[in-house]
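I opened the file today to look at aromatic pairs and at how one helix is packed. My notes follow in the order I looked things up.

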Amino acid sequence: MASGRITEWRKLPIGLTELCLATTLRCGQSFRWKQCSDDTWACSLRGRIVQLSQQSTHVNYRSIWPNQTETPPTPPSSAPPETDEAGDDTLELLQHYLNLRPNLTELYEQWSASDPNFKKKAPKFTGVRILRQDAWEALVCFICSSNNNISRIMQMVDKLCLHYGPYIATLDGRPYHDFPQASALTGDKVEAHLRELGFGYRGRFIVATARAVDEHEEDWIDTLRNPESPSFGHKASPGGEWNAEGRDGYRAAHEELLKLLGVGAKVADCVCLMGLGWGEAVPIDTHVWQIAVRDYKFGKGKHSSLTKATYDSVANHFRKLWGQEAGWAHSVLFTADLRVFSERLTAKIEMKEESGHIKVEEVETTAKTSIKRENEDEAPKPVLELDEMAVSSNTSERVKRRRRR
């Protein structure tokens, strides 16, 4: 059951090889999608709940809007339109958010042709798309990702929305709130409250970042976007000349993000890739470093540990190998390396004849990682701004932390 104004189910034609919801929505790039009891997926986006249902040849979708008496007092950046069929922009929003314009089959073929390792792994993980998320949301979520796992990040983000985001509607007994704006997180008591909610030292980072963003001109963070991947409702323009170290706009955006408290190189790259549309951004974390050591001959000589020089070298190697959408290709391998997906095959996706829904068998709903949790009241000491973490190539499963000298 749902409260609010509900549209009819509609059809978005796209096959499983072009979009797999069960993988894309659970691979660590977005943290607000919830799987419902009927195997659908739901999330609040721009003033409405969007509900999706995967089928073999298409995705069914519908939207649930606030009742007139429940309209959020602080709406998202663009006011929600009327919910009649002529004015409902949910289809356009989904096409934008799910990043459906690129032909994923062609991209997989391109990456497979240049990389035998990708060619080996990719058939098991088709349909992985990089979402075009709100940049502010991506920034806060990836600040929460510091020394954390996917399940716990989701819990933190859910608490953040519940306590600071505007209420939208209720679906299956669960209230959905939009992501809070920066101004909602700048108050004097917010940090202490976030610590009470279990955010630990990240509470300080979130409040400081919210204040910094709020002090900039309106929509400042969107000025860092790739012009080829503008925010919803804006037209695309050229993104600049490509080179293996990344376009000038990407480099400039990365440097601006590093000025924010709690943002190291990996977090900045996550935001560039998943919030700002810079496809060449390649975040290097524990999983990706292990992939680089295991499959791409890193971990020896001057690249025996993950220093700043090694971080840049690994990212540049992947950009040369995969091209302008290297971050997208890297995300497919990252997904393949997550324990939650390690045994999943595309062949395990089966249609329920009686309902037409697609259900992925044997997929857990949380991802478990072996990252050691630090003292939640104290931020870990940063190492070369690399997400406060350095990983030795001699410890494939253990995270080794350096001390400052």
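Entry 1, aromatic cluster. I began with a group of rings: Tyr 108, Trp 111, Phe 118 and Trp 328 make up one aromatic cluster. The model is a predicted one, so I checked confidence next.

Entry 2, confidence. I read an average pLDDT of 85 for the protein chain, with 80% of the residues scoring at least 70. I noted two stretches where pLDDT stays under 50. One is residues 74-84, for which the model has 24 contacts beyond four places in sequence. The other is residues 344-374, and there I found 70 such contacts.

Entry 3, aromatic pairs. I searched the whole structure and got 10 aromatic pairs. I then looked at Tyr 296 and Phe 318, whose ring centres are 5.1 Å apart; their planes stand at 85°, over the 60 degrees required, so I logged the pair as edge-to-face. This pair links distant parts of the chain, 22 residues apart. Tyr 296 sits in the loop between helix 11 (286-295) and helix 12 (308-322), while Phe 318 belongs to helix 12.

Entry 4, burial of that pair. Are the two residues buried or exposed? Tyr 296 has 10% relative accessibility and counts as buried, because the cut-off is under 20%. Phe 318 is buried too, with a relative accessible area of 1%.

Entry 5, a second partner for Phe 318. I found that the ring of Phe 318 also pairs with that of Trp 322: the centres are 4.5 Å apart and the planes at 10°, so this pair is stacked. Both residues lie in helix 12, four residues apart, which is about one turn of the helix. Like Phe 318, Trp 322 is buried.

Entry 6, helix 11. How many of the 10 residues of helix 11 are buried? I counted seven, so the helix is largely enclosed by the rest of the structure. The buried residues are Thr 286, His 287, Val 288, Trp 289, Gln 290, Ile 291 and Ala 292. I looked up what covers them, and the cover includes helix 12 and helix 13 (326-337).

Entry 7, ends of helix 11. What caps the N-terminal end of helix 11? I found Asp 285 there, with a side-chain oxygen 3.2 Å from the backbone nitrogen of His 287. Just after the helix, I noted that Lys 297 takes a positive phi of about 70°.

Key: Residues numbered from 1 in each chain as written. Heavy atoms only, no water. Phe/Tyr/Trp six-rings, centres within 6.5 Å; stacked < 30°, edge-to-face > 60°. Helix = DSSP H or I, 4+ residues; strand = E, 2+ residues; numbered from the N terminus. Buried < 20%, exposed > 50% of the residue type's maximum accessible area, 1.4 Å probe, protein only. pLDDT = per-residue confidence, 0-100. Contact = heavy atoms within 4.5 Å. Polar contact = N/O pair within 3.5 Å; in protein donor to acceptor, adjacent residues only side chain to side chain.
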